[in-house]
Amino acid sequence: MRFVKRLFLILFGIVVFGIAAIFIIPKDQIAQNIVVELESQLDRDIEINGDIGLSVFPNLGVSLGDVRIGNAEWSTDDDLLVAERVSVGVVLSSLIGGDIIVDSVEAINARVFLHELDDGSRNWTFDMGDGEGGDGGGSSRDVLINTVAVSNASLTYLRGTSDAFTLEDVTASLSRQQNSESADIDMSLSINGEVLSAEIGFEDLDGFINGASTLVALEASLARARVTYDGQVSLLPTAFGLISVDVPNADRVMAALDQASTGIDGPVSFTGTIGMESLRSLQIRDGVVASSPFSGQVDLDLDLTRERPFISADIVANTLGSAASEGGSSDDDGGAEWSDESIDVSVINQFDGDIRLRVNRLFAGDFEFAPAVLSSRVENGRAVTTLSELGGYGGTVTGQLVVNNRRGLSMSADLNATQVDLKPLLTAAAEIDRFTGTADIQFDVLGSGNSMKALMNSLRGAGSLSVGSGTISGIDLDNLFRGNPTGGTTIFDSMAASWTIDQGVLTNPDLLMLLPSIESTGSGRIGLGQQNMDYTFVPSLKQRDGGATIFPVRIEGPWSDLRIYPDLEAIINQDLGEQVESLKEQARETVESEVRDRLGLQQPEEGEEARSLEEDVKDELRRELENLLRPR
């Protein structure tokens, strides 16, 4: 018992002497000893230029002001760490024997520069020697750190010679349980007024730091968007695991990252499995996307080893795009010219790829198609989209669309539509719902230019239209052409036309519309680029009913103010031939009277200042045609 008491007194004396020594030995000498020891252990230049604080309870603590730790000789920056203050707390009992346990390390207003070479060298790993105080057996005491915290710090990471990545205003902490390889990291920083926060749990932090793959659980948030990841991760970097993304407002996130608006209205979510073998390769499997413009499944491979990133993707979508709001196209008064604003399709110059898409429901402006099967090949600034199937409006559309941005912008379309239902198609295209019938349409068109105006004025190509029997509600053209402008329904047997396009002008020489007793031909030009037209309809009785021409109708002028009137010159030239000069005035009066009778227009009374026939007919025709084209 006496021996135990003596031993206790000796140990107590040693502890008291040690504590007293802390206050007796000059702080500058302590700082110098710390610097010498750390430089020996870390093989780095170390400076302590500020004041020094000491504490002994509950842990042995040292607080150092204005600290600088030098970098590895091969790194491009002078310092690994510069801090206004660094505080270190050591578990006092661990100094007696065993591993040295550092309970906490805290850096305030620190700047940290992490550098990693392609060969795996890292400036934050140190060759810890045994030192002269070893036990003679060649072993050294490990230093175990439980908690590391930084506040108001900047963190820069550089790999190889690539651009450095820097985070500012960082507050972060790393904590690990004693005798455990697992560790947790909590961090937050401010980005353009939004807070980015993250919690990361490592199963084996030491293994991760040394390049091994370890299980990681991550949860991060920015601008109310939330990301979670569970899976394997390494610093190579490699990854394989489950990821989940929930973004209530995509534009808010993009603004925080200094990126342009996405145009996505509403929340976006994604879940799937990601795999990454290096920074040059990424795979997504069983991806599920849900948003207002797109919902479906995605499998994707991204290869960054080529001259341009190569994307291979298989996409199966429930919906793509969104339905246009009611009346969305009615705000256009038709008077504006094509825009001269530059069209930006530079995205197809940024990557190559093969993208295969199957959509159950596809919205394109006011149009809706179901289903849609297409594939796109993007190569060196040229995107070729093949429509294998585009269903909708009772028929199908097949063909090819090309966007070429190699030497300026050009676009082309070669499409075939078979047995499409005119009523819903024209309703979607122009809000005209009076036509029924099924049509076959073929057109091939090419345009070039960097604006919509340039494209429309450069169009060239050809096409044709063929419609079987159908109806036009709200007007009876048979009676109208016979001089009885009443309502009702037109029943036509067929309609066909072909056209060519050159320099933005569509020319149609052969429109033919067959009614029960009347056939109407049409020819003229439509300026697709200049937004004008000059077109003439010529109705006539069928041969069994006499075959006589009734009267031509001419439509000309800009789209915003079309002039519709009877083409009296054509009637005179057709009916009078060589006698046109001598009988022109007499014929005009006769024709005017006949046309008034056929259309049911009032004849001018004697002595009355009569309106011209052209004005009367123009008003009547405009009234009837406006009724025809106006949605019910």
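**Exercise 1. State how β31 and strand β32 pair, and over how many bridges.**

Solution. This is a predicted model. Take the residue ranges first. Strand β32 covers residues 532–541, and strand β31 covers residues 518–527. The two pair in the antiparallel sense over 10 bridges. For a check on the register, go to serine 520: it stands opposite proline 539 in β32. Now look at the turn. The hairpin of β31 and β32 has four residues between the strands. In this hairpin, glutamine 531 takes a positive phi near 60°.

**Exercise 2. Find the bridge partner of leucine 512 in β31, and describe the pairing of β30 with β31.**

Solution. Begin with strand β30, residues 505–514. β30 pairs with β31 in the antiparallel sense over eight bridges. Leucine 512 has threonine 521 as its bridge partner in β31. Next, the connection: β30 and β31 form a hairpin, with three residues between them. One general point helps when tracing the strands. Side chains in a regular strand alternate between the two faces of the sheet.

**Exercise 3. Give the strand order of the open sheet of three strands, then explain why one side of β24 and of β28 lacks a neighbour in the sheet.**

Solution. The order is β24-β27-β28, with antiparallel pairing. β24 (435–436) and β28 (489–492) stand at the edges. Each has a single partner strand, so one side of each is left without a neighbour in the sheet. Now take the pair β27 and β28. Strand β27 spans residues 470–473, and four bridges join it to β28. Within this pair, threonine 471 stands opposite isoleucine 491 in β28.

**Exercise 4. Classify the ring pair of phenylalanine 202 and phenylalanine 208.**

Solution. A search of the whole structure finds five aromatic pairs. For phenylalanine 202 and phenylalanine 208, the ring centres are 4.8 Å apart and the planes are at 45°, so the pair is tilted. The cut-offs behind this step: planes under 30 degrees apart count as stacked, and over 60 as edge-to-face. Both phenylalanine 202 and phenylalanine 208 are buried. Elsewhere, ring pairs link Phe367, Phe369 and Tyr393 into a cluster. One charge-over-ring case follows. Arginine 306 lies over the face of phenylalanine 310, at 4.0 Å from the ring centre.

**Exercise 5. Summarise the protein chain by its helices, strands and buried share.**

Solution. Count the elements: 10 helices and 34 strands. Then burial: buried residues make up 36% of the 632 residues. Last, the surface. The protein chain exposes about 35,100 Å², and carbon and sulfur atoms supply 53% of it.

Terms used
Residues are numbered from 1 along each chain as its sequence is written. This is a predicted model: local features need pLDDT of at least 70, side-chain atom pairs count only at pLDDT 80 or more; totals for chains, interfaces and linings use all residues. Side-chain values use heavy atoms; hydrogens and water are left out. Buried means under 20% relative accessible area, exposed over 50%, partly exposed in between (1.4 Å probe, protein chains only). Accessible areas come from the Shrake-Rupley method with a 1.4 Å probe; for residues, only the protein chains shown count as cover. Two strands pair if DSSP finds at least two bridges between them. Rings of Phe, Tyr and Trp (its six-membered ring) pair if their centres lie within 6.5 Å; planes under 30 degrees apart count as stacked, over 60 as edge-to-face and the rest as tilted. A charge sits over a ring if NZ of Lys or CZ of Arg is within 6 Å of the ring centre and within 35 degrees of the ring normal.
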